[in-house]
Every structure is written in C-alpha cells, then in structure tokens.
Amino acid sequence: MDNASDKNVSAQLRAYKCIRDDLLAGEFEPGEKLRIDDVSGRYGVGLSPVREALSRLSETGLIVALPQRGYRVATISSDEYTDLIDMRLRLEPDALRNSILNADIDWEARVAAGYQRLASTQRNMKAGSTDGVRNWAQEDRRFHAALISNCSSPWMLNFCRTIHEQTARYHRTRILEGIAPARDTEDEHRTLMLAALDRDEERSADLLINHIRSVAVRIRSALDNAELSA
C-alpha cells in the first residue's frame, strides 16, 4: 500500500470514528440529513473518506442511506426503544452469567477499572461538568461491556455490542438530563460491580435486569414527554 492509500485509509478511519462517536453521543438529531460537504467541514476530512465512512456507518443502522440523496441519521421511537430493551434483557444477563463463569483476574481488573471511570464521571457530572452527560453515557457503555467481556460466545458479545450502540442513540443529552442518571444509577452500578466481583452469577444477573428495566422506564418516559418519537 502506497502513502496515498495509507493516508486515505487513515482519513477514513478518523472520519468513521468521529462521526460514530458523535452519533452515539447524540450530537446529531434523529432524522437529520448528513450532507457530505457539511460533515467534511465539521471534521476536517476529505469528501472521499467521509463518503466511505458514511457508507460503512449505514451498515450499522446508526444512519440510513437514501437512494440518490445521501444519508440521514436513523430516527428514534418509543416502540423501537422497547424492542431494543427487550432484546437486551434476553441477551445481556446470560452474557454476564457466562462472563462470571469465566472470570479471571484480568476480567476483575477491567470491571473494577470500568466502574472507577464511571464513578469519576458521575462525580464530575454532579459537579456541573459541561460534557458530563456525554462522558457518563460513554463510560456507562464501557462498564457494561467490561462486565460481559469474558463471555465465551463471540456472537453473543457482538449482538450485545450492537444493541448497546443502538440504545445509545436514545441516551441523548436532552433525555438524560431529565432523568439525572448519576443520582439514580450510582448505587445500582456499585452494587452490580460488587456482586459480579463476588462471582455471584444469579444475583448479578438479577441486579442487571432490574437496573436495565429501571433506566428504561425513565428514558421511555422522557422520550414520550419530550415528544421525540418518530
């Protein structure tokens, strides 16, 4: 691969990561048209790498390709969110049980570190950090990913990762600010971490189920109240 090809691949990866991170952080509005020129200027990346990045992202479901009309951000709806949560409740508790069965010291370190990062972000958000909500949502995903990271099924991990990314579209600043996630979930995360590190599979799974349901109820209510359904 020559230097020009290397630079193009690097630019494409940078564009993909930047756009994806902002999509997961809710920086784009649901249904928003993504104009290639605008996206290129936003991230300082050439038109060709942006096109390639958007094409790849359309395969994830985070954006939708419009025939002959470019791309738009995927819409959101209360019904879809309910479906995603139902699937998460079917898969993630089993992934956690399996992860605990395969627990080792490296897994324990990932879980503990993930919780510490999340707790630190929660403290910063309570202190009024301007990017606290975005960072909280990111660290929340990382903590949950760490919990199931020793699951022995690559397919289950892949499905859980996909569902996490899709539900992340609903963990938008305008929604999360209305449900105060730091205050409402701090104890839940700590209790879940301790149960997992104690290698109590069933208690951990039950705590995870209750945690997912309690957050989903508040977000679904915020979705309805904010009239963000598509």
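The lining of the largest cavity in this predicted model draws at least two residues from each of the helices α4, α6 and α10 (201–226). Helix α10 gives the most, with four residues. The cavity holds about 90 Å³ of space, and a search of the whole structure finds three cavities of 30 Å³ or more. Its walls are formed by Tyr81, Ile85, Arg88, Trp136, Asp140, His144, His171, His211, Ile212, Val215 and Ala216. By residue class, the lining of this largest cavity comprises six nonpolar, three polar and two charged residues.

Tyr81, one of the residues lining the largest cavity, also takes part in one of the three aromatic pairs found in the whole structure. Its partner is Tyr170; the two rings are tilted, with 5.0 Å from centre to centre and 45° between the planes. Because Tyr81 belongs to helix α4 and Tyr170 to the loop between α7 and α8, the pair ties together parts that lie 89 residues apart in sequence. Both Tyr81 and Tyr170 are buried. A further aromatic pair, formed by Trp155 and Phe159, is likewise tilted, at 5.7 Å centre to centre and 35° between the planes. Trp155 and Phe159 are four residues apart in helix α7, and are therefore separated by about one helical turn. An α-helix has 3.6 residues a turn, so residues three or four places apart point the same way. Trp155 is exposed, with a relative accessible area of 60%, while Phe159, at 41% relative accessibility, counts as partly exposed.

The largest pocket encloses about 510 Å³ of space. It is lined by 19 residues, of which Arg20, Arg141, Arg142, Ala145 and Glu165 are the closest to its centre. Helices α1 (3–24), α6 (132–147) and α7 (154–168) each supply at least two residues of this lining. The largest share comes from α6, which provides seven residues of the pocket lining. Helix α6 is thus represented in the linings of both the largest pocket and the largest cavity. The pocket lining divides into eight charged, seven nonpolar and four polar residues.

Helix α2 (residues 36–43) has as its buried residues Ile36, Val39, Ser40 and Tyr43. These four cover an arc of only 100° around the axis, and therefore lie on the same side of α2. On the other side of the helix, Asp37, Asp38 and Gly41 are exposed. Gly44 follows α2 and has a positive phi, near 65°.

With regard to confidence, the protein averages a pLDDT of 86, and 87% of the residues score at least 70. Among its elements, helix α4 (residues 78–101) has the highest mean pLDDT, 95, whereas helix α8 (residues 173–176) has the lowest, 59. Where pLDDT is low, the predicted coordinates should not be read in detail. Helix α4, with the highest mean pLDDT among the elements, is the helix that contains Tyr81 of the pair with Tyr170 and is one of the helices that supply at least two residues to the lining of the largest cavity.

Notes: Residues are numbered from 1 along each chain as its sequence is written. This is a predicted model: local features need pLDDT of at least 70, side-chain atom pairs count only at pLDDT 80 or more; totals for chains, interfaces and linings use all residues. Side-chain values use heavy atoms; hydrogens and water are left out. pLDDT is the predictor's confidence in each residue, from 0 to 100. Buried means under 20% relative accessible area, exposed over 50%, partly exposed in between (1.4 Å probe, protein chains only). The arc is that of the directions from the helix axis to the C-beta atoms. On a 1 Å grid over the protein atoms alone, a cavity is a set of points where a 1.4 Å probe fits but cannot get out, and a pocket is an open set with protein on both sides within 12 Å along at least five of seven lines; lining residues have an atom within 4 Å of a point. Grid points are joined across faces, edges and corners, and a volume is the space filled by probe spheres set on the points. Ala, Val, Leu, Ile, Met, Phe, Trp, Tyr, Cys and Pro count as nonpolar, Asp, Glu, Lys and Arg as charged, and the others, Gly among them, as polar. Rings of Phe, Tyr and Trp (its six-membered ring) pair if their centres lie within 6.5 Å; planes under 30 degrees apart count as stacked, over 60 as edge-to-face and the rest as tilted.
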